[in-house]
Amino acid sequence: MSFFKKLFGSNTNEEQLGGNEMLKIGIILGSTREGRVSPQVGQWVKEIADKRGDAEYEIIDIADFKLPLLGEAGGDASGAAEWSKRVAACDGFVFIVQEYNHSITGALKNALDYLRVEWNNKAAGIVSYGSVGGARAAEHLRGILGELLVADVRVHPALSLFTDFENGTDFKPKEVQADSVNQMLDQVIPWSTALKTIR
């Protein structure tokens with residue numbers, strides 16, 4: 001921090017964002033399966049994020065858009081326009097990622113594939129869960145995000161089905177996980193701010 005900033009103070013959020021406009025960060029729920037726990041995880045991340053006051057956080061549930069398989073004949077893709085609009089409005093993302101068969105869900109891959117420029121030059125964090133914390137799914141997602149010109153940050157909260165859930169369904173994260181979410185957002189916010197300048 002420079003001498004003048006120390007002397008006169010500054011509004012960190014306004015200074016970072018070039019005015020009063022807050023960054024918009026979409027928390028994307030990556031599963032549409034019956035019995036999914038991603039809404040619990042997404043709500044937990046949003047509660048932590050909202051306390052920060054550094055961005056406007058919004059849960060975006062891909063299940064709400066009912067996207068058929070991309071290119072599927074006769075599929076009702078009427079939700080695609082709204083999906084495009086919601087993603088385009090975001091400056092960055094937090095993906096809630098479930099590990100199925102060592103990768104991300106088909107629904108999330110399909111939703112990612114529906115769009116292109118809407119993803120470009122934005123930042124993202126990943127919160128994953130599974131038997132090994134969803135680590136393999138997160139690594140697969142990183143490769144996809146790279147192709148979509150989404151800069152994913154290093155810090156990665158990985159939730160275990162054995163220690164952060166009861167009976168694999170009731171989400172009860174260890175306290176240390178909240179610190180990990182904040183550390184992730186500490187990277188997502190400045191990266192999202194920087195990338196906004198080149199869009």
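**Strand β4 and its surroundings in the predicted model**

Within strand β6, Leu159 is the bridge partner of Tyr129, and this pair belongs to a parallel pairing between β4 and β6 (residues 158-160) that extends over 3 bridges. The structure described here is a predicted model, with a mean pLDDT of 91 for the chain and 90% of its residues at 70 or more. Residues 1-19 have a pLDDT below 50, and this stretch makes 15 contacts in the model beyond near neighbours in sequence. Where pLDDT is low, the predicted coordinates should not be read in detail.

Strand β4 also pairs with β3 and with β5. Strand β3 (residues 92-98) runs parallel to β4 and is joined to it by 7 bridges, and within this pairing Val97 stands opposite Ser128 of β4. The connection from β3 to β4 passes through α5, and the resulting β-α-β crossover is right-handed. The pairing of β4 with β5 is likewise parallel and comprises 3 bridges, with Ala123 placed opposite Ala151 of β5. Together with α6, strands β4 and β5 form a right-handed β-α-β unit.

The burial of β4 extends along the strand, as 9 of its 9 residues are buried. In a regular strand the side chains alternate between the two faces of the sheet. In β4 both faces are covered, since the buried residues comprise Lys122, Ala124, Ile126, Ser128 and Gly130 on one side, and Ala123, Gly125, Val127 and Tyr129 on the other. Two of the residues named in the strand pairings, Ala123 and Tyr129, thus lie on one side of β4, whereas Ser128 lies on the other.

The loop that precedes β4 contains Asn120, which is placed between α5 (106-113) and β4 (122-130). Asn120 has a relative accessibility of 15% and therefore counts as buried, the cut-off being under 20%. A polar atom of the Asn120 side chain lies 2.8 Å from the backbone oxygen of Leu148, and a polar atom of the same side chain lies 3.1 Å from the backbone oxygen of Arg116. When residues up to four places away in sequence are set aside, Asn120 touches Leu148, Leu149 and Arg199.

One of these contacting residues, Leu149, is located in the loop between α6 (135-147) and β5 (150-152). The phi angle of Leu149 is near 60°, a positive value in a residue other than glycine. With a relative accessibility of 46%, Leu149 counts as partly exposed, whereas Asn120, which it touches, counts as buried. A positive phi, of about 60°, is also found at Asn167, which is not a glycine either. Asn167 is situated in the loop between β7 (165-166) and β8 (170-171), and at 72% relative accessibility it counts as exposed.

Helix α3 was examined for its span and its burial. This helix comprises 13 residues (38-50), and the distance from its first C-alpha to its last is 18 Å, close to the 18 Å expected at 1.5 Å a residue. The buried residues of α3 include Ser38, Val41, Gly42 and Trp44, and Val45, Lys46, Ile48 and Ala49 are buried as well.

Technical notes:
Residues numbered from 1 in each chain as written. Predicted model: local features only at pLDDT ≥ 70, side-chain atom pairs only at ≥ 80, totals over all residues. Heavy atoms only, no water. Helix = DSSP H or I, 4+ residues; strand = E, 2+ residues; numbered from the N terminus. Buried < 20%, exposed > 50% of the residue type's maximum accessible area, 1.4 Å probe, protein only. Polar contact = N/O pair within 3.5 Å; in protein donor to acceptor, adjacent residues only side chain to side chain. Contact = heavy atoms within 4.5 Å. Pairing = 2+ DSSP bridges. Right-handed = clockwise from strand over helix to strand, strands pointing away. Expected span 1.5 Å × (residues − 1). pLDDT = per-residue confidence, 0-100.
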